[in-house]
Amino acid sequence: MEQTKAEGQQKRTTPEYITELQPNEIFVFGSNLKGMHGGGAAYIAYRKFGAVMGQGVGLQGQSYGIPTMQGGVETIRPYVDEFIEFAKSRNDLTFLVTRIGCGIAGFTDEEIAPMFEKCHGVENIVLPPGW
């Protein structure tokens, strides 16, 4: 999959492991609808970046949950679309998208990445390499 480039500059990508955030950065992670952040990136979001137990969707502290555990890949798309619209409305924040759905949820990059194609060219959304 070819990486898009911004006007004359290399497009920034999300690091494999995010251990700290700048004040304007948001950690975007795969969640479950019940907001039980017990493993993977969700646990990191809870322990380090303000994710709220019991909240599975949306902005919480310096994190943003996208549910990935409720069924097939098609059930994730509405939450991704909602995230993209939210991020576009918050130019004051930079959203660092993790490989949502590609850990505990068991999906592949090839299944999830196409849902984020609308992010290409959105300056404040940073995607994993190859997405």
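## Contacts along the chain

Among the contacts (heavy atoms within 4.5 Å) with a separation of 6 or more, 62% link residues 24 or more positions apart. The model is predicted: local features need pLDDT of at least 70 and side-chain atom pairs pLDDT 80 or more, while totals for chains, interfaces and linings use all residues. Residues are numbered from 1 along each chain as its sequence is written, and side-chain values use heavy atoms, with hydrogens and water left out.

## Elements and overall form

The chain holds 3 helices and 5 strands, counted as DSSP runs numbered from the N terminus (helices: H or I, at least four residues; strands: E, at least two). Starting at the N terminus, their order is β-α-β-β-α-β-α-β. The radius of gyration, taken over C-alpha atoms, is 14 Å, close to the 14 Å from the globule rule (2.2 Å times the number of residues to the power 0.38) for 131 residues, so the chain is as compact as a globular protein of that length.

Of the 131 residues, 41% are buried (under 20% relative accessible area, 1.4 Å probe, protein chains only).

## The sheet and its helices

Let's look at the sheet. Its 5 strands form an open sheet with mixed pairing, in the order 2-3-1-4-5; two strands pair if DSSP finds at least two bridges between them. Strand 2 (58-60) and strand 5 (125-126) are at the edges with a single partner strand each, so one side of each lacks a neighbour in the sheet.

Strand 1 (residues 25-31) and strand 3 (residues 63-67) run parallel, joined by 5 bridges. Here S31 is opposite P67 in strand 3. Helix 1 (residues 40-48) packs on the sheet, touching strand 1 and strand 3.

Terms used: Axes are lines fitted to C-alpha atoms, for helices over the stretch in contact, and angles run from 0 to 180 degrees between N-to-C directions. Buried means under 20% relative accessible area, exposed over 50%, partly exposed in between (1.4 Å probe, protein chains only).
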